[in-house]
Amino acid sequence: MKITRIQFRNIHGNKQLRALASITLDGVLTIDDIAIVQLGRGFTVRYPRNRYRQYIVLPRTPEATKRIENKLLHSYRKFLCGERGNTT
């Protein structure tokens, strides 16, 4: 699967939660509310959960996790620098 679009919404007033991301895979499946969280000097990704704290969506392989998180965090850093936050 290829990430064909990424969008960010900045979150203000929260020390750790910096943004919520939406990604589109292969132009047909969108995953909303992926959290970009600041931990110390770096960022990490948290996938959406329901009210029982169960994951709604989660990559099933370490390779998929790494690919998605690297792309998200790279795009978020560009977004922070004032560059375009959406990728195609």
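**Exercise 1. A charge and a ring**

Over the ring of which residue does the charged end of Arg 49 sit?

*Solution.* Keep in mind that this is a predicted model. Start from the charged end of Arg 49 and look for the ring beneath: that ring belongs to Tyr 55, and its centre is 4.3 Å away.

**Exercise 2. Lay out the sheet**

Work out the strand order of the sheet, its edges and the way its strands pair.

*Solution.*

Step 1. Put the strands in order. The sheet is open, has four strands and reads S1-S2-S3-S4, with antiparallel pairing.

Step 2. Find the edges. S1 and S4 each pair on one side only, so they are the edge strands by definition.

Step 3. Add the twist, which averages 30° from one strand to the next.

Step 4. Take S1 and S2. They pair in the antiparallel sense over seven bridges, and one register mark is Phe 8, whose bridge partner in S2 is Ala 21. The two strands form a hairpin with six residues between them, and Gly 13 in that turn has a positive phi of about 85°.

Step 5. Go on to S2 and S3. Seven bridges join this antiparallel pair. For the register, Ala 19 has Ile 36 of S3 as its bridge partner, while Leu 17 stands opposite Val 37. Here the hairpin has three residues between the strands, and the turn holds Asp 26 with a positive phi of about 50°.

Step 6. Drop in the helix. H1 lies across S1, S2, S3 and S4 and runs at about 50° to S1.

**Exercise 3. Aromatic pairs between sheet and helix**

How many aromatic pairs does a search of the whole structure find? Describe two of them, then see how their rings connect.

*Solution.*

Step 1. The search finds four aromatic pairs.

Step 2. Phe 8 and Phe 79 make one of these: the centres are 5.3 Å apart, the planes meet at 35°, and the pair is tilted. The label follows because planes between the 30 and 60 degree limits are neither stacked nor edge-to-face. Phe 8 belongs to strand S1 (residues 3-10) and Phe 79 to helix H1 (residues 62-80), so by these DSSP runs the pair links distant parts of the chain, 71 residues apart.

Step 3. Check the burial of both partners. Phe 8 has a relative accessible area of 11% and is buried; Phe 79, at 22%, counts as partly exposed.

Step 4. Now try Phe 43 and Tyr 76. Their centres are also listed at 5.3 Å, but the planes are 80° apart, which makes this pair edge-to-face. Again distant parts of the chain are linked: Phe 43 sits in strand S4 (residues 42-46) and Tyr 76 in H1, 33 residues apart. Tyr 76 is buried, at 2% relative accessibility.

Step 5. Join things up. Ring pairs link Phe 8, Phe 43, Tyr 76 and Phe 79 into a cluster.

**Exercise 4. Into the core**

Which members of the largest nonpolar core touch the most other members?

*Solution.*

Step 1. The core has 16 residues, and the ones to pick out are Phe 8, Ile 23, Ile 34, Ile 36, Val 45 and Leu 72.

Step 2. Ask which elements give two or more residues to the core: they are S1, strand S2 (17-25), strand S3 (29-39) and H1.

Step 3. Zoom in on Val 45. Leaving out residues up to four places away in sequence, Val 45 touches Ile 34, Ala 35, Ile 36, Glu 69, Leu 72 and Leu 73.

Step 4. For background, nonpolar side chains in soluble globular proteins tend to be buried together.

**Exercise 5. Two threonines**

Is Thr 24 buried or exposed, and how does Thr 61 score?

*Solution.*

Step 1. Thr 24 is placed in strand S2. With a relative accessible area of 14%, Thr 24 is buried, because the cut-off for that class is under 20%.

Step 2. List the contacts of Thr 24 beyond four places in sequence: Lys 2, Ile 3, Thr 4, Arg 5, Leu 29 and Thr 30.

Step 3. Set this against the whole strand: S2 is mostly covered, with seven of its nine residues buried.

Step 4. Thr 61 is in the loop between S4 and H1. At 36% relative accessibility, Thr 61 counts as partly exposed.

Step 5. Finish with a distance. From Thr 61 to Leu 17 the C-alpha separation is 25 Å, with their positions 44 residues apart along the chain.

Methods. Residues are numbered from 1 along each chain as its sequence is written. This is a predicted model: local features need pLDDT of at least 70, side-chain atom pairs count only at pLDDT 80 or more; totals for chains, interfaces and linings use all residues. Side-chain values use heavy atoms; hydrogens and water are left out. Rings of Phe, Tyr and Trp (its six-membered ring) pair if their centres lie within 6.5 Å; planes under 30 degrees apart count as stacked, over 60 as edge-to-face and the rest as tilted. Buried means under 20% relative accessible area, exposed over 50%, partly exposed in between (1.4 Å probe, protein chains only). A charge sits over a ring if NZ of Lys or CZ of Arg is within 6 Å of the ring centre and within 35 degrees of the ring normal. A nonpolar core is a set of buried Ala, Val, Leu, Ile, Met, Phe, Trp, Tyr and Cys residues joined through side-chain atoms within 4.5 Å. Contact means heavy atoms within 4.5 Å. Axes are lines fitted to C-alpha atoms, for helices over the stretch in contact, and angles run from 0 to 180 degrees between N-to-C directions.
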